[in-house]
Amino acid sequence: MGDFYRLIGNPVGHSKSPLIHAAFARQLGIDLTYDSVLAPLDGFAATVAALAAAGCKGANVTVPFKIAAFALCTRLSARARAAGAVNTLTFDAGAIAGDNTDGAGLVADITGNAGLAIAGQRVLVVGAGGAARGALLPLIEQGPATLTLVNRTAATAAAVAAQFDFPIDVRAFAELRGPFDIVINATSASLTGALPPLPACVFGAGTLALDMMYGAASTPFMAFAAEHGAATRDGLGMLVEQAAEAFYGWRGVRPATAAVLASLRAAA
Ligand code: NDP
């Protein structure tokens with residue numbers, strides 16, 4: 001039997017990660033299995049321990065366990081430290097290495113799939129939760145001209161920005177002046193059909209508006225951005241790219257993502 005990997009979450013039934021990793025493995029001729037594991041809300045550590053004991057090589061971690069995963073790791077990558085959250089675990093002889101590939105996935109989607117450089121651009125990140133925190137260091141490493149952060153709870157944005165050695169411009173929604181070249185919705189507002197209170201001026205004809213949420217339908221954020229001239233993108237490309245980055249971390253080979261993304265889009 002080949003190596004096995006898991007996705008741990010609660011819920012996990014809806015996840016596309018098993019499909020994505022199976023496609024990567026097929027493409028590269030690697031014999032591995034990747035399935036979802038529903039961990040009890042109070043049983044994340046026990047689930048991880050059981051998987052590691054059974055010989056599991058690694059796991060992805062999703063809602064609501066990314067912070068619990070961070071606390072459990074014996075070793076952390078710089079980007080996991082910056083995010084304060086872990087979405088990729090590697091098990092090796094009793095050690096648990098933690099990484100966060102969400103931000104790298106976002107950057108790869110923007111620069112690779114959307115074909116847009118982040119270097120020299122004016123970037124706005126909306127939200128200051130786990131996904132936003134995971135995105136900041138990889139975005140900073142691209143060398144944006146400016147990086148602005150806005151969040152419903154202003155104090156959270158200020159606290160997050162203070163952790164980075166980069167002049168992140170923290171603003172209230174009403175203080176935002178645009179347009180920005182790239183606007184990233186890293187809030188969970190779209191999950192409930194809500195729209196963060198962004199002024200229309202953040203968008204322009206040259207703006208890329210990316211919602212980290214993905215699904216069959218356009219989100220209120222994407223619709224609002226399009227109404228004001230922006231090109232829009234959902235989070236499906238980011239999802240595929242963060243998976244490719246995790247796969248690379250585990251196996252040392254980088255899967256091609258374009259065909260996998262296209263087939264997920266076709267099936268949506
Ligand atoms: P968190 O719960 O950690 O953070 C939620 C953030 O959204 C907070 O900043 C919160 O603000 C803000 N927020 C929630 N509701 C509203 C609202 N109605 N108006 C304005 N702001 C709001 O969530 P995550 O960071 O883990 O996830 C955020 C999104 O990113 C989700 O949609 C998730 O599905 C997506 N995601 C996508 C990935 C991908 O691969 N495509 C990977 C990871 C996440 P406050 O601080 O005020 O509460």
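**View 1. The largest nonpolar core of this predicted model has 28 residues.** Look here for Leu106, Val125, Leu139 and Ile184, the residues with the most contacts inside this core. Seven elements are worth picking out, as each gives two or more residues to the core: helices H5 (102-113), H6 (130-141) and H7 (154-161), together with strands S7 (122-126), S8 (146-150), S10 (182-185) and S11 (208-211). Of these, H6 gives the most, with 6 residues.

**View 2. Val125 and the residues around it.** Setting aside neighbours within four places in sequence, Val125 is in contact with Ala132, Leu136 and Leu139, and also with Leu147, Thr148, Leu149 and Val150. Ile184 and Ala186 complete the list of its contacts. Two of these partners, Leu139 and Ile184, are also among the residues with the most contacts inside the largest core.

**View 3. A second core, separate from the one above, has 21 residues.** Tyr5, Ile20, Leu239 and Leu261 are included in this second core, and they make handy landmarks for finding it.

**View 4. Domain 1 meets domain 2.** Domain 1 is made of two stretches, 3-100 and 237-267, while domain 2 runs over 103-234. The C-alpha centres of the two domains lie 24 Å apart. Where they meet, 16 residues of domain 1 are in contact with 16 residues of domain 2. Between them the domains bury about 1,300 Å², with 59% of it on carbon and sulfur atoms. If you want three residues to start from on the domain 1 side, try Ala82, Met238 and Glu241: they supply 40% of the area that domain 1 buries against domain 2, more than any other three residues.

**View 5. Polar pairs and helices at the domain interface.** Across the interface of domain 1 and domain 2 there is 1 salt bridge, along with 3 residue pairs in polar contact. On the side of domain 1 that touches domain 2, helix H4 (78-83), H9 and helix H10 (258-267) each supply at least two residues. H9 gives the most to that side, with 6 residues.

**View 6. The salt bridge of Asp234 and Arg265.** In this close-up, Asp234 forms a salt bridge with Arg265. The closest N and O atoms of the pair are 3.0 Å apart.

**View 7. Gln242, a residue of helix H9 (residues 236-251).** Is this side chain's residue buried or exposed? Gln242 counts as buried because its relative accessibility is 7%, and buried means under 20%. Not counting residues up to four places away in sequence, Gln242 touches Asn87, Thr101, Asp102 and Gly105.

Key. Residues are numbered from 1 along each chain as its sequence is written. This is a predicted model: local features need pLDDT of at least 70, side-chain atom pairs count only at pLDDT 80 or more; totals for chains, interfaces and linings use all residues. Side-chain values use heavy atoms; hydrogens and water are left out. A nonpolar core is a set of buried Ala, Val, Leu, Ile, Met, Phe, Trp, Tyr and Cys residues joined through side-chain atoms within 4.5 Å. Buried means under 20% relative accessible area, exposed over 50%, partly exposed in between (1.4 Å probe, protein chains only). Helices (H or I, at least four residues) and strands (E, at least two) are DSSP runs, numbered from the N terminus. Contact means heavy atoms within 4.5 Å. Domain bounds come from an automatic or database domain assignment. Buried area is the accessible area (1.4 Å probe) that two parts lose on being put together, summed over both. A salt bridge is a side-chain nitrogen of Lys or Arg within 4 Å of a carboxyl oxygen of Asp or Glu. A polar contact is a pair of N or O atoms within 3.5 Å; within protein, one must be able to donate a hydrogen and the other to accept it, and residues adjacent in sequence count only if both atoms are side-chain atoms.
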